[in-house]
Amino acid sequence: MVGVNEAINTQASLLNYCIAATEIRAYLGAALPLLHPRTSGEFLRRGDRYFRAGRTKRAVADFDEAIRLDPSNDAAYDARAALRLAGKEYDKALADCDKVIELAPGSATGYQHRARVWQARKEFDKALADLDHAIELDPRYVTSLLAESL
């Protein structure tokens, strides 16, 4: 009986070790591109993390690099537009929003962010037009607008 318990405990320990090693490999596989990004998408992901952490200078540098590596990456322009909008850099945010709309005219986010630029500039007719267009493209946006207004 003692031998069976020891064998079970040994197998359980080995299983825990294998699971832990697998989890560590998965974590490192996801983390390494953030430490040393090489692709536009990797710079975009790291920039998003910097932005959420309030490290805006590093975020904009990563968004700039993502765009340099892939000028057709509308998500990088969109992320940079959001960052610039938060920093009240409306002219730059507007240029990024226009680029998002040019690259991905079927995506609502470029119109959503551009509406916020127009709103900040007190150009409410343009803001409403962009919001209407965003809602046409993605009716779920109405829900987020209502949540923000509460």
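Helix axes here are lines fitted to C-alpha atoms over the stretch in contact, and the angles between their N-to-C directions run from 0 to 180 degrees. Keep that in mind for helix α3 and helix α4 (residues 74-86), which pack at about 155° with their axes 9 Å apart. Angles over 145 degrees count as roughly antiparallel, and that makes α3 roughly antiparallel to α4. Their crossing is left-handed.

Before going further, a word on confidence. This is a predicted model, with a chain average pLDDT of 85 and 72% of the residues scoring at least 70. The weak spot is helix α1 (residues 2-35), where the mean is lowest in the chain at 60, while helix α5 (residues 90-103) has the highest, at 98.

Back to α3 and α4, and who touches whom. On the α3 side you'll find Thr56, Ala59, Val60, Phe63, Asp64, Ala66 and Ile67; they meet Ala76, Tyr77, Ala79, Arg80, Leu83 and Arg84 in α4. Sorted by class, this α3 with α4 contact comes out at 9 nonpolar, 1 polar and 3 charged residues.

Now step back along the chain to helix α2 (residues 40-52), which packs against α3 (residues 56-69) at about 165°, the axes being 8 Å apart. This pair is therefore roughly antiparallel too, and the crossing of α2 and α3 is left-handed. From α2, the contact draws on Ser40, Phe43, Leu44, Arg46, Gly47, Asp48, Tyr50 and Phe51, and their partners in α3 are Arg58, Ala59, Asp62, Phe63, Glu65, Ala66 and Leu69. The class count for α2 with α3 is 8 nonpolar, 2 polar and 5 charged.

Going the other way from α4, you reach α5. These two pack at about 155° with axes 8 Å apart, so α4 and α5 are roughly antiparallel, and their crossing is left-handed. The α4 residues involved are Asp74, Tyr77, Asp78, Arg80, Ala81, Arg84 and Leu85, facing Tyr90, Lys92, Ala93, Asp96, Cys97, Lys99, Val100 and Leu103 of α5. By class, the α4 with α5 contact has 8 nonpolar, no polar and 7 charged residues.

That brings us to charge pairing. Side chains of opposite charge can pair when their charged atoms come close. The structure holds 12 salt bridges. One of them joins Arg121 to Asp91, with the closest N and O atoms 2.0 Å apart. This pair ties together distant parts of the chain, 30 residues apart: Arg121 sits in the loop between α6 (108-120) and α7 (124-137), and Asp91 belongs to helix α5.

Methods: Residues numbered from 1 in each chain as written. Predicted model: local features only at pLDDT ≥ 70, side-chain atom pairs only at ≥ 80, totals over all residues. Heavy atoms only, no water. Helix = DSSP H or I, 4+ residues; strand = E, 2+ residues; numbered from the N terminus. Parallel < 35°, antiparallel > 145°, perpendicular 65-115°, else oblique. Left-handed = near helix turned anticlockwise from the far one by under 90°. Contact = heavy atoms within 4.5 Å. Nonpolar A, V, L, I, M, F, W, Y, C, P; charged D, E, K, R; others polar. pLDDT = per-residue confidence, 0-100. Salt bridge = Lys/Arg side-chain N within 4 Å of Asp/Glu carboxyl O.
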